[in-house]
Amino acid sequence: MAGTKVFFASDFHLGTPDRESSKEREKIILQWLDHIAPEANRIYLVGDLFDFWFEYRSVVPRGFVRFLGKLAELRDGGIDLQVFSGNHDMWLKK
């Protein structure tokens, strides 16, 4: 059951500057999402989730399946996700 609060986040830049630091950042993001999920009614992700993911038409960014899976889990749990594109989000073309 979705909560009542609205959360905003941006500029995760997963993929930069290197794989190791991105994986650590992904873990922190996943922990944060787990923490807010019980209270969240809506989550706005307002740009630059990944850093220049050019293969957007045919592949998931290597190494960040957990993040995308968490977004699916939250959505399936009734939380409204609103994702906006940033200047590094070439893959979000409508």
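**Exercise 1.** In this predicted model, find how many bridges join strand 2 to strand 3, and state how the two strands run.

*Solution.* Step 1: locate strand 2, which covers residues 40–46. Step 2: look for its bridges to strand 3; there are five. Step 3: compare the directions; strand 2 and strand 3 run parallel. Step 4: pick one position as an example. Tyr-44 stands opposite Gln-82 in strand 3.

**Exercise 2.** Give the strand order of the open sheet and name its edge strands.

*Solution.* Step 1: the open sheet has three strands, in the order 1-2-3. Step 2: the pairing is parallel. In general, strands of a sheet pair through backbone hydrogen bonds, and this can be parallel or antiparallel. Step 3: an edge strand pairs on one side only, and this holds for strand 1 (5–9) and strand 3 (80–84). Step 4: for the turn between neighbouring strands, the average is 15°, with direction ignored.

**Exercise 3.** Which strands does helix 1 touch, and what angle does its direction make with that of strand 1?

*Solution.* Step 1: helix 1 spans residues 19–36 and packs on the sheet. Step 2: the strands touched by helix 1 are strand 1 and strand 2. Step 3: the direction of helix 1 makes about 170° with that of strand 1.

**Exercise 4.** Examine the backbone of Asp-11, His-13 and Pro-17 in the loop between strand 1 and helix 1.

*Solution.* Step 1: recall the general rule. Most residues other than glycine have a negative phi, and most peptide bonds are trans. Step 2: read phi. Asp-11 has a positive value, near 60°, and the phi of His-13 is also positive, near 50°. Step 3: read omega at the bond joining Thr-16 and Pro-17. Omega is about -5°, and the peptide bond is cis.

**Exercise 5.** Are Asp-11, His-13 and Pro-38 buried, partly exposed or exposed?

*Solution.* Step 1: set the cut-offs. Buried means under 20% relative accessible area, exposed over 50%, and partly exposed in between. Step 2: the relative accessible area of His-13 is 17%, so His-13 is buried. Step 3: Asp-11 has 43% and is therefore partly exposed. Step 4: Pro-38 has 58%, so Pro-38 is exposed.

**Exercise 6.** Where does Pro-38 lie, and what separation do its C-alpha atom and that of Gly-3 have?

*Solution.* Step 1: Pro-38 lies in the loop between helix 1 and strand 2. Step 2: along the chain, Pro-38 and Gly-3 are 35 residues apart. Step 3: in space, their C-alpha atoms are separated by 5.9 Å.

Methods. Residues are numbered from 1 along each chain as its sequence is written. This is a predicted model: local features need pLDDT of at least 70, side-chain atom pairs count only at pLDDT 80 or more; totals for chains, interfaces and linings use all residues. Side-chain values use heavy atoms; hydrogens and water are left out. Two strands pair if DSSP finds at least two bridges between them. Helices (H or I, at least four residues) and strands (E, at least two) are DSSP runs, numbered from the N terminus. Axes are lines fitted to C-alpha atoms, for helices over the stretch in contact, and angles run from 0 to 180 degrees between N-to-C directions. Contact means heavy atoms within 4.5 Å. Buried means under 20% relative accessible area, exposed over 50%, partly exposed in between (1.4 Å probe, protein chains only).
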